[in-house]
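Visitor: I'd like to learn how to read a structure like this one. Can you walk me through it, feature by feature?

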Amino acid sequence: MKVETGEVFGFLGPNGAGKSTTIKLLMRLIFPSAGTARILGKSIDEVSVHREIGYLPEQPYFYDYLTAAEVLDYFARFHGLKANDRQERVARMLKKVGLETARKIQLRKYSKGMLQRVGLAQAILHDPQVVVLDEPMSGLDPLGRRELRDIILELKRDGKTVMFSTHILSDAEMLCDRVGVIVGGKLRGVGTPGEMVGIQTQGMEILFEAGAEGKTPPLAARATKTGERYRVKLPEEELYAALDELKLAGARILSVSQIKPTLEDFFMNLVEADRAQANAVEVSGK
Amino acid sequence: MKNVWVVAANTFREAVRDRVLYNLVFFALLMMGAAILVGQISIDIEQTVIVSLGLTAISVIGLFIAVFIGVGLVSKEMEKRTLYALLAKPVERWQFLLGKFAGLVMTLTVNTAAMAAGLYAALWSVKHPLVSSDAYILVAVYLILLKLALIVALAMLFSCFTTPFLAILFTAGIYVAGVYGGELRTMQAVNLTPATMKMFRAISYALPNFENFNVMGAVAHGRGVPGALVGHATLYAALYCAVVLAAAAMVFSRKNLK
């Protein structure tokens, strides 16, 4: 697997697939039994390469006796930043992750989402070339998720390479140039989100209301009704005929959308294919 | 070495904020109580009682801090995963380990210095003015500090490859064995073979000899401590700490952080 310079790369997989393990290997927290990994052309064992890497651990936890400003200042010292520079960067990062007002509060009083923000701040504090985020959306509220998405896009605009792991497909679709999918410790595919999801399209969905004259279109018989609204799922090739039918009945079309697989469907397909292959090998082995 | 210093300073800050130095209140109360009691009941043995009690308290309190906090230095960071973000920075694992060691030794130095000041205050309250031979108390305190540094190194080594509970047991076990190492060397048992005797002697030399740092009896009775003994103990502690920390660094450098 190769992540290109300047791209946002999503590392997808169900829980226990090996996403965090792979990232920990890259960060030298665990050691491989075989194989090699390189970042910016250098072996991950070289300490110098870690000057150019920012890392957000999964469910980060920091020294809870420190304040957010202190913990950032502590990490900044390992990058050899001078006192004035540290002070300026710490203030800028706290503002960026929305912790300006909580800067003097000890981390023991922080919520999970706030710790996640501190983790993100320490990862990008030293302006690294490569940013690796392990489940960055975890613990964040909707506002925090949106802010994080903006930060990732900003990093991309600045030419940084971002790799993040997630099991939430919508995050990856929204942010990633390419994604890699890992299931059961094996890399099952690398490509753009469109490539991954497009292949799996499961038809179309139309949301409509009956016309002003109250005439119910025949399509309503196949639909699910919620309040005044009808929702119908149908194969892609039936879409235009269905739309003509609705138009003829004077129905009000509210939306037409592609049905994409849910995360569960997406991974279950892979997992089931994985199991089927394993069973086939077992049978042929017998 | 800058990274080592950054970790050490933070370890010291942690000890201060986690109120490790609160033990000084207990020590101050003990010394005050002893001074009042000794002033009332003893006849010409005030110095011996106060100095013995004070040095023993410095040693025991330091021992508790060295073992319990020493074991937690690395294991707590692994358990709470606070070192994940740190070890992904341009920091070598041995630098982290050495920094934690230096930070706790700094804490013990401040703690021990404060207790030594308390001991002098208690001594002054029962016998003043102080005389020049009282300066040997500082030598005894210095040797206690060397002993504590060695215990911290051992606690860190054990915590790198076993559970905190077992690391505490091992460290305490090595301490007890090290205190009685001299007896093991000179043991004359009738029913032991020469080979077994040789093995015991070898073990006794490998164990840290904590008696090298014990001059409490002499100092409590106002006797001096030879400079050569201090020099020998310093060198011994430095070499032993270096070997133990190198072993800890070797174990920790390939440890998988799950």
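Visitor: In what order do the four strands of the open sheet in chain A run?

Guide: Strands here are DSSP runs of E with at least two residues, helices are runs of H or I with at least four, and both are numbered from the N terminus. Two strands pair if DSSP finds at least two bridges between them. In this predicted model, the order in chain A is β10-β11-β9-β12, with antiparallel pairing. β10 (224-226) and β12 (252-258) of chain A each have a single partner strand, so one side of each has no neighbour in the sheet. On average, neighbouring strands are turned by 20 degrees against each other, direction ignored.

Visitor: Any ground rules before we go on?

Guide: Residues are numbered from 1 along each chain as its sequence is written, while chains are lettered from A and ligands numbered from 1 in the order written. Because the model is predicted, local features need pLDDT of at least 70 and side-chain atom pairs count only at pLDDT 80 or more, while totals for chains, interfaces and linings use all residues.

Visitor: Which helix packs on the sheet?

Guide: Contact means C-beta atoms, placed from the backbone, within 7 Å. Axes are lines fitted to C-alpha atoms, for helices over the stretch in contact, and angles run from 0 to 180 degrees between N-to-C directions. Here α8 (residues 239-248) of chain A touches β9 (204-209), β11 and β12 of chain A, and its direction makes about 5 degrees with that of β9(A).

Visitor: Is A:Ser257 buried or exposed?

Guide: Count the other C-beta atoms within 10 Å of the residue's own: 20 or more is buried, 12 or fewer exposed, in between partly exposed, with C-beta atoms placed from the backbone. A:Ser257, found in β12 of chain A, has 9, so A:Ser257 is exposed. Across chain A, buried residues make up 33% of the 286 residues.

Visitor: And what is a nonpolar core?

Guide: In soluble globular proteins, nonpolar side chains tend to be buried together. A core is a set of buried Ala, Val, Leu, Ile, Met, Phe, Trp, Tyr and Cys residues joined through C-beta atoms within 7 Å. The largest one has 131 residues, and A:Leu72, B:Phe101 and B:Met156 are among those touching the most other members. Helix α6 (residues 136-161) of chain B gives the most to this core, 19 residues. A second, separate core of eight residues includes A:Ile206, A:Phe208, A:Ala242 and A:Ala251.

Methods. Contact = placed C-beta atoms within 7 Å.
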